[in-house]
Structures are given as C-alpha cells and as structure tokens.
Amino acid sequence: MKEPVNALIRLAAAATDMLLNLVLVLLGLWYVTNASDIPTLFDSLLLAGIGFLLLPLVLKIIQAYLLGTYRVTIGKALWGLEVTDMRGKGVNMETAFFRTFIGPMISAPALWLGYAWILKDPQQRGWHDLASGTVVVRRHSQNLMLGIFAIAGICTFCWMLLNQSLNSLRSHGYLYRDILMEFQSKIDEEERRNNRLITPTPMVSPSYRPDLPQPREI
Amino acid sequence: MTDINYSGIIKRAWTLTKSHKWLWVYGIVLAVLGGSSGNFGNSGGSSSRSPSPENLKNLPEQIPDETRKVLGAATDAITQWVNSVSPFTWITVGLALLTVLSIGMVIIWITKTWAKAGLIAGMAQASRGQPVTLETTAKSALSSIRPLIHYGVLLFLFGLAAFVVWGIVLAVNFALIAFVPVLGTIIGIFLGLVLAVIMLICIVFFSIISVYAERLIVLQNLPPMAALKKSYRLTRKHVGETLIMGLLNNVIGCTAGCLSMLAILMLFIPAAVISVMIIGGSWSEFTKNPMAYAYALPWFAGGGLLLLMLFFSLIQLTNAIIIVWKYGTWNEFFAQIMKSEESTP
C-alpha cells in the first residue's frame, strides 16, 4: 500500500476544497453587488439564493463522482493525494458518496474530534475514513508546488472577487441609501398617519372631571 | 412469560458501554441528529421543538408595533417586485428549496440508520467479547443500511395505511356527532376514546416491532419483510417483557439524563460566575457602567462561546452514552428472548 499522507497536507487539500465553496459564495456576492437598480438587485438576490442552495450541493456531487471514478476530489488532485480502500484499490461509487455526504456527519459533531483523529491514528485516518474503510495516500506523481500554486491562485481570485464586490458596493451605494430612505420615509409617513388618527381620549371617569357634565344622582 | 434477568441486562449493558468507547461515536451521531434514543425503535425527537398551535395562533398579536410598521413598509416596496417576478422563477426557487431539503433529510436518515446499525452490531460484537472499533463495526453497519431503509419504508407504509383507516373512522365519528343528535354524540365520544386508545396501542406496538426487527435485520441478516413477520410474532408473544424493559430503560435513562444535566449545570454556573468576577470585578459594577469594561468584551464573548460549546458538547456526550447504554440493554434483552425462543420447542 502507498504511504498515508500527513495531516498538514490533508488539511491543505481540504482547505482547497473549502476555498472552492468560498469562490461560489463570493461569485454570488459579486453578482448581487453589481446590480444598479432595485428590481435588478432583487432579481440578483433571488438568483444568488438559488445558487447558494444548489451550487454547493452540485459541487459535493461532483466531488463524490470524482472520488468514485478517479479516487480524488479537486483539492486532493491538486495536492497529489488519492483516496483508496485498505487494499490500495479505488473505492466504489457507493462508498464515495458515503464518504462525501455522510462522512462529515460522523467526524464533525463531537467538536471535530473525528477530523482531529487524523493526528492520532497511525495511518492518519479520520473517523469518516474508518467508517467508510478508506485511507488517503500519496500519488506517485505528487507535486506539492501545484497545490501551493492552486491555493495561492484561488486565494487571489477570492480576493479579486471580494475587492470587486466592495468596489461595486461603494459605487452603487446610492442604491442601498435609496432603499433605506424609502423605508424610512414610509415609516415616517406611517407614524404621521397614526398620530393623526389617534385622538386623546379621557381615561378617567366623568365624575372626576368637573368640566364634563356630571351624571345625575337618583 | 419468559423469565428475564432485568438487573443483569442493565448492569451488563453499562459494563459494555463503559468499556467500548468507540460505540460512543455512534451515540454522538444519534444524539446530535436527534435520532432514536433507543427507547423503542425509530421514533424521531423533534416534536418538542415545533411551536404549539396556540403560539402560532397568537403570532400576529405578538409582533411589536414598530416591527409591524417596518414590515408594512418593506412589504409595500417588495410587493411590487414580487408581482413582477415570473411564476416560473418562483417554481424554480421552490424546486431548489425542495431538492436541498429532501436531500438533506435523506442524508440525515441514512446517517441515523448507519449509526443505529453500527450500535446494534457493535454491541453484539462487544457482548461476544470481540474487539470493537469503528472500522470493525462500520462494515456491518454499511451492509445493513439498505435493508434497514427498506424496512423503514415498509413500516412507514404500514403506518400510513393504519393512519388512513384511523382517519376514515374518525370522519365517520364526526359525521355521527353532527347528524345524529343525542345517541350520535354519546357514540361519537365513546368511539373517539376507543380510537385514541387504539392509536396509542398501535404506536407502542409498532415501536416494539421495530426493536426486534432492527436487530433481526442487523444481527441475523433477515430480509425486511421476514424480519417484520418474525418481529410481529415475537411482539405478540413477549409484549409484557418488552414493555417492562422499555419502561425500565426510559425511567433509568431519564433519571440519568436529568442528574447528569444537573451535574453539568453545577459545574458551569460557578465557572460563569467566576469568569464574570475576573473580568468585571463585580457584577453590580459591571451593570452600572458596562462601557468601562468594553475592552473585555471580545475575551468575554470568546470565552462565553467556548464555554457554551463545551456545555452543549458535554450534554451531547452524556446523551450519547445514555443512547449507547439503551441500545445495549435492548441487545441483551433481544439475546435473552432469542435464547428462550430456541430453548422452547
């Protein structure tokens, strides 16, 4: 069997996969902040909402498919790692989906102890690896530089997206001010209407008000 | 009635729970996902979290006046946009939401099934004196997921059928009350009571069936339908013993849960008080001028969050241990029942 991978490189590969999710989030943010009028803003929000719901799921399905077919996720491929069973063979699609979707539910709940287990296990296996009968090993063609370049590239792309979004937010600041002012004016209008409608009514009985006609005593 | 050694079962289950900590992983998964607490089969545990109908009814009155105004204004602005969005877009949003929710539910269901199967298989291995690790138990758990899910679907269909029949009888009951003046009301009330009792019995019966069926599927590799039939026969034969075991499990489990919760609270209240005293000198000073202690806010928030996470983790861990113990008692009970079945001709 190939050599198991140390925790640090596994963490880097996992971080690469997570950064891909972050790219999706930032793409959504960039798309929303590009809106220049209120209807477009709401339209973008709606589309971004659908994207936020579906894209991470699609990404996860792609990762599981890649794992079942090529033994890798995108992050692992970039860092030269692969997931095999204990005999060094590739995992079937069922195990790949189990590891991708159910794995985090096993390792994460107890304060991520299942992931921390990688540090303790002699074969560097987390609880999700133990449960699915897999191990993460080094590929023959491992090139750490590719991983480092990939993570740097993704980080730069994320930074660019964030920068663009902040710039758009600044340049379309009037839009958000307009929305806020519209809300404020509506609230003020509502308040004025309420003040006009509410007339002070005496809360005390007429018997305590000498200026009002008193009831006759029988 | 079969002679069952209840105290022996309880003690043995506790010994196995204490000595096989890998099984706690399954317990943690079940505790966090709010799955079966091992009481009786596979009942969910989320009903207490849903708002009561009374609360739902009073919802509009509970909204503060200012909030209502803001909501009104926002609704006005958004309504225009909402009207301009095509129905196709709303359908897409609905479908996306439905897809994510259903996939999430399926994932949770599969995870819970895996954890249940792992606990049952792991407890049996522990009882036989075999080594128990996540790896050894996960193999049996993985192979049992599919039949257990088939069994779950089968049970759901049976439950649905029972519910439909129950609903039809209830409708007839209401019709009787509405159309037959005096006798109808008397019969209606009587029938209503009978229906309630029947429903309760059905729930308990199905739960007991699940206790046996799940173990028959995982430990004896029976197909779901055969497991259901055999568990039905076992339930009819040993209903009294199973009810006593369930009652003992619940009473001990609840007591242990409450006591451990108290212990955790007693551990954390002094910790919270001490941390407040360290940061703010005294509580009264802190409440008089909270801004003076602004420098401590990040530490306070971070520490509080950590304390809270620890607190909930400890609660989940206790819950997990209780769940593992309950699965242990059911496994031991099942073993004794099967032994008595084998010995009787």
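**Salt bridges, and how we call them**

Reader: What makes Arg87(A) and Asp85(A) a salt bridge?

Author: Their closest N and O atoms are 3.2 Å apart. A salt bridge is a side-chain nitrogen of Lys or Arg within 4 Å of a carboxyl oxygen of Asp or Glu, so the pair makes the cut. Keep in mind that this is a predicted model, where local features need pLDDT of at least 70, side-chain atom pairs count only at pLDDT 80 or more, and totals for chains, interfaces and linings use all residues. Residues are numbered from 1 along each chain as its sequence is written, chains are lettered from A and ligands numbered from 1 in the order in which they are written, and side-chain values use heavy atoms, with hydrogens and water left out.

Reader: Why is Asp85(A) called buried?

Author: Buried means under 20% relative accessible area, exposed over 50%, partly exposed in between (1.4 Å probe, protein chains only). Asp85(A) has 13%, so buried it is. Its partner Arg87(A) comes in at 67%, and therefore counts as exposed.

Reader: How do you know that Glu341(B) and Lys237(B) meet in a salt bridge?

Author: The N to O distance is 2.9 Å, so the pair qualifies. Glu341(B) sits in helix 12 (residues 297-343) of chain B and Lys237(B) in helix 9 (residues 224-237), 104 residues apart. Helices here are DSSP runs (H or I, at least four residues), numbered from the N terminus.

Reader: Is Lys237(B) buried, exposed or partly exposed, and why?

Author: Its relative accessibility is 45%, so Lys237(B) is partly exposed. Glu341(B), at 14%, is buried.

Terms used:
Helices (H or I, at least four residues) and strands (E, at least two) are DSSP runs, numbered from the N terminus.
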